[in-house]
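Please walk me through the empty space inside this protein and the residues that line it.

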Amino acid sequence: MKKIIFYTFLGSMVAVSGCNDYLEQAVDQRTQLDSVQKVSELLATAYPQADYATFTEAMSDLALDKGNTSGAVVDERNRNPYFFQDVQSKAQGSPDNYWNACYAAIAAANHALDAIANAPDPAAYNAQKGEALVARAYAHFMLVTLFAKVYDPATAASDPGIPYVTEPERVVLAQYDRGTVASVYQQIETDLTTGIPLLNNNAYRVTKYHFNTAAAHAFATRFYLFKKEYQKVIDHANQVFAGGNIEPNLRPWVSVYSNLTANEGLAIYTQASQNANLLLVETASLWARNYARYRYGFATPIVNQLFRSNNVTGARWVQPLYTQGTDHWLVLKFREHFVRTDPNAEIGFPYTIFPLFTAEEVLFNRAEAYLGLNQLAEARADLTVYARNRIANYNAGNHAITDAKLRAFYGTSDVRQGLLLALLDFKAAEFVQEGMRWFDILRHNLTVTHPTADGQTYTLTPDDPRRVLQIPQEATLAGIELNPR
């Protein structure tokens with residue numbers, strides 16, 4: 001094994017080590033990528049191998065200051081986002097690390113596409129081309145969502161975006177333009193819609209670690225939800241599973257998960273064998289080790305709100321709760337995979353597997369799209385599907401989501417608004433400690449208020465520039481403007 005420079009981007013040099021022959025030389029010597037197998041292996045790295053949960057969860061309204069509790073983990077990557085401050089660290093779990101991981105993934109996709117374009121028979125690589133295009137679209141989508149203003153059709157054509165890179169880099173310090181949010185979205189859509197028809201699930205050894213057709217359609221539901229093209233959300237949601245039947249593929253919390261031991265629960269959530277998991281990624285991350293014990297995180301008041309109080313159905317969710325000491329709560333989702341670099345010592349690298357797309361998100365995205373089209377009965381039906389798979393001894397007579405319950409629980413006479421609030425509450429409980437809540441906060445312009453243990457309060461309003469993560473300082477070397485502060 002030897003270390004190579006895999007790519008350089010925006011002044012940030014990323015070194016990648018690998019054992020595969022095609023990575024043993026500089027990537028511009030593309031004659032190494034001379035077979036479908038080698039291109040496929042390269043595409044295994046076309047996914048951001050970094051976590052965003054460390055900072056997005058702390059920024060969200062699912063985090064509270066636990067104070068100086070015993071065993072609390074205090075770290076800039078968790079603390080600064082809670083106070084809506086830029087993170088200076090570039091280590092795993094930081095925004096800079098995620099930025100670099102996304103562009104590393106994009107670089108892999110672009111080198112694969114370049115090799116395919118120069119192959120003697122490009123058509124033989126159609127499945128790989130489809131994967132590269134969809135993976136490139138996904139990494140750019142995550143970047144524009146986190147490092148630019150949320151998509152607004154009224155301002156997207158003038159809001160600065162992020163560089164959309166479509167060619168392999170051939171110089172160390174290339175100059176890039178951010179474009180606009182609208183132009184980035186257009187390029188994402190082009191890659192996505194071109195790539196999906198080319199995908200072939202038979203091209204993968206482990207389907208769930210690649211953009212299989214179900215995962216790609218799931219990504220499309222998220223993309224079009226942000227773009228507010230609701231019929232397209234529904235159309236793609238109905239192509240994730242045969243006949244648009246999502247329910248049999250939801251996580252079996254009631255019948256299976258809630259009856260497992262702690263170790264069994266930790267092991268099962270991110271397994272590729274689970275129907276609910278549509279796309280998984282292995283990341284170098286301390287999240288599995290620390291997500292319960294971070295000082296700014298899932299604290300008792302949030303636990304009570306999400307799981308110990310009745311929700312709008314009149315029942316409670318079945319997900320079991322665990323602690324790792326006073327106020328260090330967790331839902332069993334993540335297990336650390338520690339890869340030793342020395343068999344005789346505890347030296348190595350921690351990894352966490354994250355589900356990037358799940359059946360639950362597809363269901364919620366479809367329900368929200370129905371609400372966007374004012375199809376309230378259909379939205380209510382999808383929320384009912386979720387509720388009956390998360391409530392023990394579910395009974396339609398007792399647990400139906402009625403207009404009367406919506407009015408009483410949310411204090412609104414607007415049924416559509418009540419259903420939307422219920423949907424957002426359901427999602428908050430489902431994806432707690434996964435960093436997903438931040439995307440709803442962005443899309444719905446929600447205000448976030450963070451109290452501190454010493455009585456102070458920090459508020460992030462919808463127009464606060466700190467909602468947009470700061471671009472890494474090194475990007476200025478490539479001519480990229482930083483975000484306002």
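Strand β9 contributes the most to the lining of the largest cavity, with 3 residues. Both β9 (347-358) and β4 (277-284) supply at least two residues of that lining; strands here are DSSP runs of E of at least two residues and helices are runs of H or I of at least four, numbered from the N terminus. The model is predicted: local features need pLDDT of at least 70 and side-chain atom pairs count only at pLDDT 80 or more, while totals for chains, interfaces and linings use all residues. Residues are numbered from 1 along each chain as its sequence is written, and side-chain values use heavy atoms, with hydrogens and water left out.

A cavity is a set of points, on a 1 Å grid over the protein atoms alone, where a 1.4 Å probe fits but cannot get out; a pocket is an open set with protein on both sides within 12 Å along at least five of seven lines, and lining residues have an atom within 4 Å of a point. Points are joined across faces, edges and corners, and volume is the space filled by probe spheres set on them.

The count is 8 cavities of 30 Å³ or more. The largest encloses about 100 Å³. Its lining has 15 residues, with Tyr52, Phe354, Pro355, Leu356 and Glu434 nearest the centre. By class, 12 are nonpolar (Ala, Val, Leu, Ile, Met, Phe, Trp, Tyr, Cys, Pro), 2 charged (Asp, Glu, Lys, Arg) and 1 polar (the others, Gly among them).

The second largest pocket has a volume of about 600 Å³. Its lining comprises 30 residues, and Ala148, Lys149, Val150, Asp159 and Val468 are the closest to its centre. Helices α5 (126-147) and α17 (437-443) each give two or more residues to this lining.
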